[in-house]
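Trainee: Hey, I'm new to this one. Could you walk me through it?
Mentor: Sure, let's bring it up.

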Amino acid sequence: MLRDVQIPVLRGLLTPREATEWKQDVFITAEAGPLLRSLLDGDLEAVLLSPQVLDLLGGDGGCGDGESIEAYLERRLLVYLSDAAEDGKAEREVAVMVLAVACLHLFAQSNWTGPPVSVHVPDLLPQTLVSSFSQPQTLTEALHRSLLLDGESVYSLVENPFLLLLARVILLNCSSKMDSLQLLPWWTLRYLNLHQQILEERSPQLLSLAHSSMEKVLRCEALFSDKCQRSLAIQFHLECVYTNLTYYQYGPAKEHIQKAQELSGLEISMTGAMGKRTRFQQNFLAQLILEVKRKEDSLAPAECDGEVSPSPAPTPPSSLPKDLDLGDDTVLNQINLAEPDQYQLPDLSAEEQAVILGVCTDFQKNNPVHKLTEEELLAFTSCILSQPKFWAVEVAALCLRTKLEKGSSRRVERAMMQTQTIADHFVDKSCPVTERLKVFYCCQAPPRWAVQKQLASLLTDLGCTSSALLIYEKLELWEDAVICYERMGQHGKAEEILRRELEKKETPSLYCLLGDVLRDHQYYDRAWELSGRRSARSMRSKALLHLYHKEFQQCVDCFEESLRINTMQLGVWFSLGCAYIALEGYEGAAKAFQRCVGLEPDNAEAWNNLSTAYIRLQQKNKAFRTLQEALKCNYEHWQIWENFIVVSVDIGEFAEAIKAYHRLMELREKFKDVQVLEILVRAVTENLRDSHGEQAASLRPGLQKLLGHVTSRHTSDARLWRLYALLYGNGAGAGHEDNEKALQFLSKAHRCEVQTSGWEKDPAIFKEVIKRAVEMGNVTISCSREKSNPQEVLPMLSSTRLSLRSLATKAKQMHTDVATGEVHEDLRDGVTELEQLIAELQEMSGALRSQSE
């Protein structure tokens with residue numbers, strides 16, 4: 001019976017057969033029956049105000065001295081569960097579960113879905129407990145303190161926090177007394193998700209509890225093996241997706257979204273379709289759209305005992321937030337497809353729409369912020385919004401679309417108006433909460449203050465800073481309000497408003513903000529003491545101020561203290577790593593950046609900095625692997641590619657270095673690194689072994705192609721031409737064609753050298769130029785001997801002879817001693833050798849001319 005109760009409660013609706021059976025068996029039970037009827041009818045307040053719940057919470061009116069609200073609730077609930085007779089134990093457990101579910105739904109209604117609901121806490125608790133709080137505000141503060149976790153405070157204007165606390169006590173503190181309810185951990189997971197969304201930062205405690213809850217639910221094989229419960233299984237996997245994404249667990253999230261999509265039987269893919277996007281477009285062009293199809297074996301809904309597997313019925317479109325038209329004079333409201341029937345969407349159920357939204361969210365989290373990514377996400381939202389059916393799906397999709405449209409001048413006005421429409425709909429009573437809660441927990445619709453904050457952000461982007469400021473002040477989002485004042489140039493006003501709020505009530509977060517404005521450590525210290533040394537935010541802000549003043553050791557100490565309280569602060573791990581690098585504490589930096597990429601695997605900068613730490617620790621193989629990860633996250637970051645190419649040649653990954661050089665030339669037109677090319681040419685010409693034990697000579701064709709690419713961009717660098725010649729054997733190769741190419745490149749290198757200014761004044765440089773010119777002359781002679789056609793050889797000999805003669809003449813002009821009439825002693829032998837080569841070339845030319853005559 002217990003499992004039969006749990007499934008419909010999770011589902012939120014009864015099948016016709018269940019409705020008949022429950023009237024006869026379940027609703028008539030003394031304690032759980034009325035509560036279950038009220039819950040499934042959507043009368044959530046009736047559950048909370050029922051006689052048995054009021055008696056449970058109010059009790060005999062007694063409470064211990066100094067007993068907290070949480071401790072009192074736990075004591076009352078444990079007594080209620082323990083005092084039951086054996087035959088009534090199960091019923092009481094169900095009654096308590098229903099109370100927890102009603103609390104969660106009411107809390108979600110108060111802060112996420114609307115319409116607003118008011119719960120008067122003093123009416124639910126004994127007067128002796130309530131009287132210990134002198135004012136209603138004191139009671140609210142006590143509730144907030146009970147919900148504070150890992151040094152992260154609760155949003156100050158969260159409505160009805162008592163409901164979340166009561167749900168927490170039931171689902172966590174009293175769960176040991178409710179073992180028979182195997183699916184209770186699912187409600188725990190839902191509680192954890194809501195609790196996390198009202199905290200400033202992610203909580204490690206909640207993450208640990210979430211993992212435990214997911215594991216317990218997954219053990220309920222009957223739920224996941226029964227095709228009749230396929231819809232519920234899809235919802236669970238989607239909830240796991242959002243939970244994992246919240247805590248940067250991208251791998252597990254991917255597994256759950258794949259499982260949800262597999263269960264739904266949907267095939268979701270991006271495709272191109274001919275269509276028009278603007279009003280004046282004459283021709284159909286390829287447009288990006290989302291194609292959704294059902295697999296053949298999933299077309300028919302599952303049947304269970306003659307009934308179709310239950311799924312929520314669609315909400316009337318008139319009860320949903322209005323999807324506003326674009327109203328632009330050029331861009332169409334939606335793409336006008338040439339063949340719309342070909343891409344017709346199936347009639348999607350609630351779970352199927354939620355799956356598409358989940359795939360969209362997973363795609364967004366796993367791809368970089370880029371124009372193409374935005375277009376793909378807009379294809380997702382267009383698909384979902386084409387079938388307005390369910391409140392939670394609709395709101396989540398509309399909010400995502402407004403975020404994507406705020407960067408478009410033609411769409412930003414619609415984005416602002418749409419956000420305002422969603423915010424206004426919170427208080428609209430035309431859509432009952434039962435409709436709003438359909439698939440709510442597997443859609444991650446934003447809380448009301450997040451929607452209003454998004455509206456304020458849009459207003460700020462449009463330059464309406466004063467209007468945005470009013471919203472931030474109303475929401476008590478003081479950090480954003482301070483930023484608005486700073487933008488408006490009213491620095492004194494920012495301090496004034498914070499001091500005014502501190503006079504009303506001293507809080508650690510307000511002192512931290514005052515410290516941010518005044519850049520003064522004393523306010524962070526005050527916040528730290530006020531929080532009982534539990535404010536991760538105060539130590540985080542204090543550390544950032546030390547970092548600003550380049551006081552790195554104090555900065556590290558404060559960051560470490562903040563992370564001791566809450567280990568899930570992504571930005572803090574990154575900043576800690578940077579501070580360690582500044583202190584040359586590379587082991588500490590490596591640990592910090594390891595934690596950073598563990599929390600956010602697609603953080604390219606963190607991977608790059610981790611590789612820097614490994615390089616300094618002489619762990620270059622690890623550095624190479626971390627740079628590969630960095631490039632997966634950001635393929636366009638040329639600084640990462642530069643680090644990658646240096647590490648690649650250091651550890652002998654020559655093939656990767658060649659690929660990296662090509663990529664750097666794509667990213668930076670003038671990129672050039674002669675040192676890297678020298679190492680690569682040496683590796684190939686000397687046939688060194690790479691990091692895998694393979695001979696580098698096999699890379700010769702690829703390196704030749706690279707140097708061809710490089711020399712086409714940098715035609716005047718003699719070093720590059722010499723390396724190119726060396727790659728072809730420097731004229732001493734076995735192949736006639738290679739030797740000719742080497743001569744060609746040596747000639748170009750010589751021309752580049754003699755065309756640079758000022759080289760001829762330094763005898764040492766002049767000596768090197770003569771040495772290389774002699775090599776070119778010798779290669780010319782060897783190449784000419786390999787040719788049989790005088791018409792091909794004569795131009796080669798003449799060109800080299802002219803170059804050598806010009807060099808010899810310049811040596812005599814620039815470096816002849818006026819007194820003795822002799823060439824500088826450093827150049828004397830070189831000039832003599834040049835003259836001998838010139839004579840030999842002259843002699844060969846004469847012989848070839850006489851042959852041809």
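Trainee: Which residues in H6 are buried?
Mentor: Ile69, Glu70, Tyr72, Leu73, Arg76, Leu77, Tyr80 and Leu81 are buried in H6; buried means under 20% relative accessible area, exposed over 50%, and partly exposed in between, with a 1.4 Å probe and protein chains only. They line one face of the helix, because they fall within an arc of 165 degrees seen down the axis of H6. That arc is taken from the directions from the helix axis to the C-beta atoms.

Trainee: What do those buried residues pack against?
Mentor: They pack against helices H5, H7, H8, H9 and H10, where contact means heavy atoms within 4.5 Å.

Trainee: Can I trust the coordinates and numbering?
Mentor: Keep in mind that this is a predicted model, where local features need pLDDT of at least 70 and side-chain atom pairs count only at pLDDT 80 or more, while totals for chains, interfaces and linings use all residues. Residues are numbered from 1 along each chain as its sequence is written, and side-chain values use heavy atoms, leaving out hydrogens and water.

Trainee: New topic: is Glu479 buried or partly exposed?
Mentor: Glu479 is partly exposed, with a relative accessible area of 44%.

Trainee: And what does Glu479 touch, leaving aside neighbours within four places in sequence?
Mentor: Glu479 is in contact with Leu513 and Arg537.

Trainee: How far apart are the C-alpha atoms of Glu479 and Glu825?
Mentor: They are separated by 76 Å, and the two residues are 346 apart along the chain.

Technical notes:
Helix = DSSP H or I, 4+ residues; strand = E, 2+ residues; numbered from the N terminus.
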